[in-house]
Amino acid sequence: MWKNYRIIETTEELTQQLAQHQGTTRIIAGGTDLMVEIRNRKWAGLETVLDISRISGLDQIGRDENQLIHIGALVTHNDVLRSPLLREYAFPLVQACARVASPQLRNRGTVVGNLVTASPANDTISPLMAMGASLVLASQTGERVVPLDEFYIGVRQTVLRPDEYVREIIVPQLQPNQAGSFKKSALRRAQAIAVTNCCVLLTIENGIIQHAAITLGSVAPTIIHAREAEDYLVGKRLDENVIATAAGIAAQAAKPISDIRASQDYRSYTLKVLVEQALEEVRLGNQKESIPEKIATLDTKEGIQTHPAEGWDGDLIRTNINGQEYAIAGYADRTLLSLIRDRIGLMGTKSGCEEGECGACTVFLDGKAVVSCLVPAPRAHGARITTIEGIVAPDGELHPVQEAFVEHDAVQCGYCTPGFVMSAVKLLQEIPNPNRETIQNAISGNLCRCTGYYKIIEAIESASLKVKD
Ligand SMILES: Cc1cc2nc3c(=O)[nH]c(=O)nc-3n(C[C@H](O)[C@H](O)[C@H](O)COP(=O)(O)OP(=O)(O)OC[C@H]3O[C@@H](n4cnc5c(N)ncnc54)[C@H](O)[C@@H]3O)c2cc1C
Ligand code: FES
Ligand code: FES
């Protein structure tokens with residue numbers, strides 16, 4: 001996978017490493033894109049990965065005196081979902097993050113990683129571009145601020161230099177006269193890359209549109225603005241006819257391709273519908289109803305600190321798994337899944353897709369549910385891991401979730417059951433009395449392809465009653 005794995009502790013160390021090894025290194029944050037790309041041999045010749053996930057201070061979300069919101073490089077999609085500031089002042093971004101992948105992926109995947117991967121289908125680009133975001137790019141020679149509009153130069157190509165990293169995103173907060181909405185069409189409700197997505201952001205004074213931004217995703221080599229539709233909207237009142245006309249004009253701006261996910265025609269059609277829906281939501285002012293107020297993040301990190309990378313020598317992984325200390329050599333270029341199964345021999349954590357899709361490999365990393373197939377093994381250094389074996393009480397008594405799975409016949413094929421159990425256990429730790437929608441959301445990163453989800457959901461509902469007792 002890589003020759004060297006460096007755990008970076010400061011931004012100074014990061015810029016120094018980037019300057020010294022230009023072209024042969026790659027930053028890893030959550031790894032949810034990079035690990036898949038490495039597996040698919042996109043980065044042949046990669047010498048060193050620079051793990052920035054423990055640099056302190058980069059996980060902050062804040063606002064300055066100029067009403068600019070600052071989103072640090074390590075802010076994850078789930079951090080965005082939990083942020084009252086972003087819910088209040090950057091809601092389209094929250095809508096987008098709620099549609100990214102699954103809770104396990106959102107616990108590791110960062111917004112900045114999403115922007116840098118630069119896929120035209122990535123979800124956070126459209127809202128941040130519509131809101132006029134900029135990126136702070138830092139290197140040993142200084143910093144520059146690049147508007148997101150100017151960051152992309154082609155499919156998966158950006159102006160980021162090999163010696164630079166993205167320190168933060170800066171986005172103007174939405175003003176009282178502004179409203180926006182993000183919409184996405186995909187082949188499934190979760191764990192699905194966008195067929196198309198869009199974001200609209202309108203500035204409205206006395207019922208008249210003063211400024212409009214409409215950004216479209218997955219319909220061109222980069223995210224684009226629907227400029228003619230934006231111009232059309234200015235000076236208009238937002239009524240049904242205006243919405244229908246604007247959506248039609250916006251769809252004309254798209255030049256989609258046909259691929260495995262959708263045909264060109266289907267993309268054009270869905271795009272028009274999405275723009276219509278987004279504008280309608282702004283007209284009615286009911287965007288906040290588009291996502292639940294509380295979304296399961298499968299993260300109970302409170303009280304558990306991410307341990308510093310003390311004593312990392314590039315090889316020996318010192319970690320705690322299910323309460324037991326381990327020191328493991330020879331696994332620094334493997335995944336956490338491989339370390340757990342192949343080296344420790346804990347076979348309850350299953351290997352399914354190894355691409356983050358199925359959730360069979362779900363474990364807890366410092367209190368967060370994550371898919372271990374996309375976590376580099378060295379990320380376990382100094383961390384606490386819990387696997388399905390650690391869920392059972394020391395005297396062998398099953399966890400209430402496990403009991404409920406047995407009682408409700410929810411152990412179907414058996415292979416994906418540990419992953420479901422892990423997600424359910426974490427859900428009930430986070431939200432002890434979830435409703436059905438919350439349960440569905442919580443297990444959206446765990447796939448069953450044999451039977452279905454009814455019995456699994458019933459079991460989790462039943463377990464929630466027992467856990468409450
Ligand atoms: C199963 C699955 C489903 C997914 N579903 C979605 C989805 O629905 N919507 C969506 O938009 N995405 C989706 N993704 C993609 C991915 O989860 C996101 O793009 C995620 O936000 C990437 O963030 P990361 O921290 O994991 O990035 P990483 O994988 O760590 O890094 C991604 C890229 O960014 C670079 N990078 C990271 N941080 C920095 C930095 N600070 N400075 C410079 N370069 C940096 C890395 O070198 C790498 O090239 C999915 C991925 C998987 C595997
Ligand atoms: S998500 Fe890890 S094996 Fe499928
Ligand atoms: S329970 Fe495993 S595929 Fe359905």
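User: I'm looking at strand 15 and strand 16. What do they form, and how many residues lie between them?

Analyst: Strands of a sheet pair through backbone hydrogen bonds, either parallel or antiparallel. In this predicted model, strand 15 and strand 16 make a hairpin with 2 residues between them. In the turn, N322 has a positive phi of about 50 degrees. The pairing of strand 15 with strand 16 (residues 324–328) is antiparallel, over 5 bridges. If you want a spot to zoom in on, R318 sits opposite A327 in strand 16.

User: Which strand runs parallel to strand 15?

Analyst: That's strand 19 (residues 384–386), joined to strand 15 by 2 bridges. Here I321 stands opposite I385.

User: Which side chains of strand 15 point to one face, and which to the other?

Analyst: They alternate along residues 317–321. I317, T319 and I321 point to one face and are buried, whereas R318 and N320 point to the other and are not.

User: Let's try another sheet. In what order do the strands of the open 4-stranded sheet come?

Analyst: The order is 11-12-13-14, with antiparallel pairing. Strand 11 (178–185) and strand 14 (224–225) each have a single partner strand, so one side of each is left without a neighbour in the sheet. Further in, strand 12 (residues 196–205) and strand 13 (residues 208–217) pair over 9 bridges, in the antiparallel sense. T203 faces H211 of strand 13 across that pairing, standing opposite it.

User: Now the core. Which residues touch the most other members of the largest nonpolar core?

Analyst: The general idea first: in soluble globular proteins, nonpolar side chains tend to be buried together. In this structure the largest nonpolar core has 144 residues, and A90, V200, I214, L216, A250, V275 and A424 touch the most other members. Helix 14 (residues 417–430) supplies the largest share of this core, 7 residues. There's also a second, separate core of 5 residues, including A121, A186, A194 and A262.

User: Can we take one core residue as an example? What does L216 touch?

Analyst: Leaving out residues up to four places away in sequence, L216 touches S126, C198, I223, I224, A226, A250, A253, A254 and L271.

User: How about a helix? Which residues of helix 13 are buried?

Analyst: Helix 13 covers residues 400–407, and P400, V401, Q402, A404 and F405 are buried there. Just after that helix, D409 takes a positive phi of about 55 degrees.

User: There's a ligand too. How many residues surround ligand 1, and which are the closest?

Analyst: There are 32 residues around ligand 1, with G30, G109, G113, N114 and G356 the closest. By type, the shell divides into 15 nonpolar, 11 polar and 6 charged residues. To see where they come from, look at the elements that supply at least two residues each: strand 2 (25–28), helix 2 (34–39), helix 6 (103–108), helix 7 (111–117) and strand 10 (165–172). Helix 7 gives the most, with 5 residues.

User: Let's zoom out. How many helices and strands does the protein have, and how compact is it?

Analyst: It has 16 helices and 19 strands. The radius of gyration is 23 Å, close to the 23 Å that the globule rule gives for 469 residues, so the protein is as compact as a globular protein of that length. The C-alpha trace spans about 70 × 55 × 45 Å along its principal axes.

User: And what share of the residues is buried?

Analyst: Buried residues are 52% of the 469. For contacts, take those between residues at least 6 apart in sequence: 67% of them join residues at least 24 apart.

Terms used:
Residues are numbered from 1 along each chain as its sequence is written. Chains are lettered from A and ligands numbered from 1 in the order in which they are written. This is a predicted model: local features need pLDDT of at least 70, side-chain atom pairs count only at pLDDT 80 or more; totals for chains, interfaces and linings use all residues. A residue is near a molecule or strand if its C-beta atom, placed from the backbone, lies within 6 Å of it. Ala, Val, Leu, Ile, Met, Phe, Trp, Tyr, Cys and Pro count as nonpolar, Asp, Glu, Lys and Arg as charged, and the others, Gly among them, as polar. A nonpolar core is a set of buried Ala, Val, Leu, Ile, Met, Phe, Trp, Tyr and Cys residues joined through C-beta atoms within 7 Å. A residue is buried if 20 or more other C-beta atoms lie within 10 Å of its own, exposed if 12 or fewer, and partly exposed in between; C-beta atoms are placed from the backbone. Two residues are in contact if their C-beta atoms, placed from the backbone, lie within 7 Å. Two strands pair if DSSP finds at least two bridges between them. The radius of gyration is taken over C-alpha atoms; the globule rule is 2.2 Å times the number of residues to the power 0.38.
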